[in-house]
Amino acid sequence: MDNIYLDHAGTTLYPESLIDISSEMLKKHLFCNPHTSKLTGDLIDQARYRILQHFNTDASEYAVVFVANATAALKIVGECFDFGENANNGGAFYYCQENHTSVLGMRELVRTNRLHVLTKDEILKNLNISKNIDIEKSGALSDDDDQMKSNSLIAFSAQCNFSGYKMPLDTIKSIQKHGLAVRGTKIRGDEQQDNGVANNFYVCLDCASFVATNLLDLRKYKPDFCCISFYKMFGFPTGVGALLVSKRGQSVLHKQYYGGGTVNTAMSRQDFHQKRPNFSTRFEDGTLQFLTIVALLDSFRALERLVPPTNEQLSVQRISLHVYRLAKYCYESLASLQHSNGAKLIKFYNHNGYEDITLQGGIVTFNVLHDNGTYVGFAEVACIAAVHNVLIRTGCFCNPGACQWFLHLSNGDIRKQFEAGHVCSDYTDLVDGLPTGAVRMSFGYMTRIEDVDKAVTMIRDCYRTTAAERLRIMESKKLPDALRQIPKRLRPKLKRICIYPIKSCSAFEVATEWALTNTGLKYDRNWMIVDVNGMALTQKHYTRLCLLKPIINLDKGVLELRFPNMRTMQVPLEMEDAKLGKRVESTFCQTKVCNDLVEGLDCGEEVGAWLSDCLETSALRLLRQNAERRRTPDGVTKDISLANQGQFLLVNSTSVRWLAHKVEVEREPLEHTIDRFRANLIMETASAFEENEFEEISVGGVNFKVDGFCTRCQMICINQHNGQKTNEPLRTIAREFGGKIRFGVYLSIQDLSQQKSSIISCSEKVIIKKKLKSMQY
């Protein structure tokens, strides 16, 4: 195989020899229902003993309950754990935030109203508990204690499947003996806990990630419940796991349902039954997955054959050291990667680095960063990896709590991502620039250092090149069908078209397509409001202009003007369509716009009086541009409307998102920040500030030339939705760019008659030519 497999935390690979041996065994022997065949039943018992041997314990200490997987084991514990007298008087259910969804699902099953979530650090505080300290009256009880007893359950992972962090297992004994040092955050329930009730604490250890590459020594550490999936250890067989229950744990696990051979007797015409006395048998409903259980015996043998134990180390201990060293090497290799500007290329997610094998397993989780510090979506990395035949895992890995913790997402962020359409296991990787997940590489006993090198080289080469080159790579025919929408999503696109019919007033957003003229978008800044001296009003002095909303109604041929708490006013779009009398009453006048003299046509007394009332300023007039206005930037003469500098202003929403995250105070919705820049064309590209490298842009059949940067002024400090003045985002632009207050670029059409189209639409394909060399997306 040409694939490089780096998702051993999902499942390790199955060796070819194991498949051969297992198939030969099935062909040579007849294995039937264990209720029928003693041979099958004996082999199942051998499998139980072999499992206990692997974890350095025996049947006198632990019972093995066969289940489908670790999730099924956690479900049994959640359903069957006895919390005490009743839901209002019993113990509580505690769980670590950095847990698999299978642990979160236990919340829906446990028979207690008291639920608490603990951080990793809150659980670790139990390591400092003195033997003689009684923690909030929640210590363990002696057998002759006269208090009413209740039982509390805490669930956490031995190794986090998100970060690879290994929870120190000494916490198990401390919690069992002394209770919890910290009660965590209440999720549900009241505060009646411990009112005359003492607690026994039981530990449920999610071992699925841990035991795949680590030794769980149950002679040394004695959790009450261990939940295991064997496919993570061996790759084959799937569909079988185990719940290991200590003698102590067996006393508080009470099962209601019974089925198959789990009873000694049962009556159908009377509500009477008696469950099996054997603990394991009592919990294994129906016929066991006997063929897969029998195959486990060969799986253990295969592991020891491929990774032989030594005098100093067991097979699994050798595997643990191997994957840890690979993870450390991978981490250091990725950490050395930088962009050409010296910025870090990788952001890691772990608690303690890779200096201690007792705290870190063979997992490296990270996100890729652009050279300006913004995030690359994990879906893009998944596409790059797929084309290079590198199998990695992306997303939150069914561990939303760890994802939230490491990505610094608030509860509001999580809800916002969900409302934006993001659900578990999808490829919605960025919402408002914030990641919804990460990239994970995890290693197994067959992983080679060459595999790590190839993966690191892939990241280095693809993310130290251009976005256009990455898109070219992702458009390979090798890309799986499930990922084919990602490159399309990453193409630069025109997201919004806005025109500003009246200079300095609110925007009119185009719903579909819009006509172009030699001066820019049709009707863009064709009107302006002037005072008694013929000077144009701007938001710099009249911030309430942003509340005046012009709406172009092409069907009626009118410009509708709306202002809060005022009646709607209408003026004709084309003055020549007005009645002759009004045309006679109109007067020609001159006004100045950015040092240019502009000739306008007065739109009449009625609208002038209406504007004066709205803005509480006397003698205002609405003028429509009447004569052409020409400017000569860079020695090239262009027709423009009443806009300040150019025919079109373009901003990149990805750049605005970057800026919004840099703003430390006065935060607002992203769309509000975009509106402050009053752009005609709002684009979206894969990375921020790509627009600074544009030389030419084509949207459909319309070609634009980039005329230069837009130098910003205090106008962007006016909230376009309420007219309030702020310090941002101008202050942040000045800080981040060393005093250069530039944001967005000007565009122009040199000759509309030479264009393939005179219509622009957001649905059209965007082609970009960048400076120095052409890069077409």
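The exercises below, each with a worked solution, explore a predicted model of a protein chain.

**Exercise 1. Describe how helix H2 and helix H10 are placed relative to each other, and say which residues bring them into contact.**

Step 1. Begin with the axes: those of H2, which covers residues 38-54, and H10, which covers residues 290-306, come within 9 Å and cross at roughly 40°.

Step 2. An angle under 35 degrees would count as roughly parallel, and one of 65 to 115 as roughly perpendicular, and H2 and H10 are therefore oblique to each other. The hand of their crossing is left-handed.

Step 3. Turn next to the residues that meet. On the H2 side they are Thr40, Leu43, Ile44, Gln46, Ala47, Arg50, Ile51 and His54, and on the H10 side they are Phe290, Ile293, Val294, Leu296, Leu297, Phe300 and Glu304. Sorted by class, the residues of this contact between H2 and H10 comprise ten nonpolar, three polar and two charged.

Step 4. A general point helps in reading such lists: an α-helix has 3.6 residues a turn, so residues three or four places apart point the same way.

**Exercise 2. Work out whether H11 and H15 are roughly parallel or oblique to each other, and describe their contact.**

Step 1. The axes of helix H11 (residues 315-335) and helix H15 (residues 449-463) come within 10 Å, crossing at roughly 20°.

Step 2. Since the cut-off for roughly parallel is an angle under 35 degrees, H11 and H15 are therefore roughly parallel to each other. The crossing in which H11 passes H15 is right-handed.

Step 3. From H11, the residues Leu326, Tyr329, Cys330, Ser333 and Leu334 meet Ile449, Val452, Asp453, Val456 and Ile459 from H15. Eight of the residues in the contact of H11 with H15 are nonpolar, while one is polar and one is charged.

**Exercise 3. Locate Ser209 and Gly164, decide whether each is buried or exposed, and list what each touches.**

Step 1. Ser209 belongs to the loop that runs between strand S7 (197-206) and strand S8 (225-229), whereas Gly164 sits in the loop between strand S5 (148-157) and helix H6 (170-178).

Step 2. The relative accessible area of Ser209 is 11%, and with a cut-off of under 20% this residue is buried. Gly164, at 0% relative accessibility, counts as buried.

Step 3. Leaving aside residues up to four places away in sequence, Ser209 touches Gln159, Cys160, Asn161, Lys232 and Ile363, and the side chain of Gln159 makes a polar contact of 3.0 Å with the side chain of Ser209.

Step 4. With that exclusion applied to Gly164 as well, its contacts are Gln159, Leu359, Gln360, Gly361 and Ile363. Gln159 and Ile363 thus appear among the contacts of Ser209 and of Gly164.

Step 5. For a view of distance along the chain, take Gly164 and Tyr349, which are 185 residues apart in sequence and 9.4 Å apart in space from C-alpha to C-alpha.

**Exercise 4. Examine the backbone at Phe397 and His408, and at the bonds leading to Pro237 and Pro729.**

Step 1. Phe397 is not a glycine, although its phi is positive, at about 60°; His408, also a residue other than glycine, has a positive phi near 55°.

Step 2. Phe397 is placed in the loop between strand S15 (393-395) and helix H13 (400-407), and His408 in the loop between H13 and helix H14 (411-419).

Step 3. Phe397 has a relative accessible area of 2% and is buried, while His408, at 65% relative accessibility, counts as exposed.

Step 4. The peptide bond from Phe236 to Pro237 is cis, its omega being near 0°, and Pro237 lies in the loop between helix H7 (231-234) and strand S9 (241-246). A cis peptide bond with an omega of about 5° also joins Glu728 and Pro729, where Pro729 lies in the loop between strand S35 (702-711) and helix H22 (730-736).

**Exercise 5. Explain why helix H20 is described as largely enclosed, and state what covers its buried residues.**

Step 1. H20 spans residues 653-662, and eight of its ten residues are buried, so this helix is largely enclosed by the rest of the structure.

Step 2. The buried residues are Ser653, Thr654, Ser655, Val656, Arg657, Trp658, Leu659 and Ala660.

Step 3. The cover over these buried residues includes strand S32 (648-652), helix H21 (670-676), strand S33 (681-684), H22 and strand S36 (742-748).

Step 4. Finally, look at the start of H20, where a side-chain oxygen of Asn652 comes to within 3.0 Å of the backbone nitrogen of Thr654.

How values were computed: Residues numbered from 1 in each chain as written. Predicted model: local features only at pLDDT ≥ 70, side-chain atom pairs only at ≥ 80, totals over all residues. Heavy atoms only, no water. Axes fitted to C-alpha atoms, helices over the stretch in contact; angles between N-to-C directions. Helix = DSSP H or I, 4+ residues; strand = E, 2+ residues; numbered from the N terminus. Parallel < 35°, antiparallel > 145°, perpendicular 65-115°, else oblique. Left-handed = near helix turned anticlockwise from the far one by under 90°. Contact = heavy atoms within 4.5 Å. Nonpolar A, V, L, I, M, F, W, Y, C, P; charged D, E, K, R; others polar. Buried < 20%, exposed > 50% of the residue type's maximum accessible area, 1.4 Å probe, protein only. Polar contact = N/O pair within 3.5 Å; in protein donor to acceptor, adjacent residues only side chain to side chain.
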